[in-house]
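Here are some notes to read alongside the model, kept as numbered points. I hope they help as you look around.

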Amino acid sequence: MRYDITVTDTYGGELNYSWVRRYTIEAPADIRTPALVRRAKREAGLSGRHVTDEYGDSLIVRMRGACVAMTVEAMP
């Protein structure tokens with residue numbers, strides 16, 4: 001399955017999109033969330049602690065101590 005990754009800045013805790021970096025990864029459809037987040041962070045070049053919010057077939061990963069967030073969306 002293909003996953004689209006978008007990395008952007010935040011303003012007041014909300015996604016701001018004043019700059020955007022996009023990536024795509026391939027992973028099994030039954031991958032667990034922690035493994036998917038690790039793969040997505042590695043592809044985007046992010047490291048460090050984070051908080052993950054799940055919304056069905058998409059995730060928002062907010063990096064702690066930085067105004068950066070990453071969305072991960074499953075594409076059919």
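1. Start with the overall size. A compact globule of 76 residues would have a radius of gyration near 11 Å, and the protein, at 12 Å, agrees with that. The radius is taken over C-alpha atoms, and the globule rule is 2.2 Å times the number of residues to the power 0.38. Along the principal axes, the C-alpha atoms fill a box of roughly 35 × 25 × 20 Å.

2. A word on the source. This is a predicted model, in which local features need pLDDT of at least 70 and side-chain atom pairs count only at pLDDT 80 or more, while totals for chains, interfaces and linings use all residues. Residues are numbered from 1 along each chain as its sequence is written, and side-chain values use heavy atoms, with hydrogens and water left out.

3. Next, the fold elements. The protein has one helix and five strands, in the order β-β-α-β-β-β from the N terminus. These are DSSP runs numbered from the N terminus: helices are H or I with at least four residues, strands are E with at least two. Of the contacts with a separation of 6 or more, 40% join residues 24 or more positions apart; contact means heavy atoms within 4.5 Å.

4. On the surface, about 4900 Å² is exposed, and carbon and sulfur atoms supply 48% of that area. The areas come from the Shrake-Rupley method with a 1.4 Å probe; for residues, only the protein chains shown count as cover. As for charge, there are 11 positive and 10 negative side chains, and the centres of the two sets lie 8 Å apart. Lys and Arg count as positive, Asp and Glu as negative, with His and the chain ends not counted; each charge is placed at NZ of Lys, CZ of Arg, CG of Asp or CD of Glu.

5. Now the interior. Buried residues make up 36% of the 76, where buried means under 20% relative accessible area, exposed over 50%, and partly exposed in between (1.4 Å probe, protein chains only). The largest nonpolar core has 18 residues, and Tyr3, Ile5, Val7, Leu36, Leu46, Met70 and Val72 have the most contacts inside it. Two or more core residues come from each of β1 (2-11), α1 (33-44), β4 (58-63) and β5 (68-75). Such a core is a set of buried Ala, Val, Leu, Ile, Met, Phe, Trp, Tyr and Cys residues joined through side-chain atoms within 4.5 Å.

6. Two residues worth clicking on here are Tyr3 and Thr71. Leaving aside neighbours within four places in sequence, Tyr3 has contacts that include Tyr23, Ile25, Pro28, Leu36 and Val72. Thr71 sits in strand β5 and is buried, at 8% relative accessible area. With residues up to four places away in sequence not counted, Thr71 touches Asp4, Ile5, Thr6, Leu15, Leu59 and Ile60.

7. Which residue other than glycine has a positive phi near 60°? That is Tyr17, in strand β2 (residues 14-26), and Tyr17 is partly exposed at 42% relative accessibility. Most residues other than glycine have a negative phi.

8. Finally, is Ser47 buried or exposed? Ser47 is exposed, at 65% relative accessibility, and belongs to the loop between α1 and β3 (50-55). Beyond residues up to four places away in sequence, Ser47 touches Lys41 and Met63. From Ser47 to Met63 the C-alpha distance is 8.4 Å, across 16 residues of sequence.
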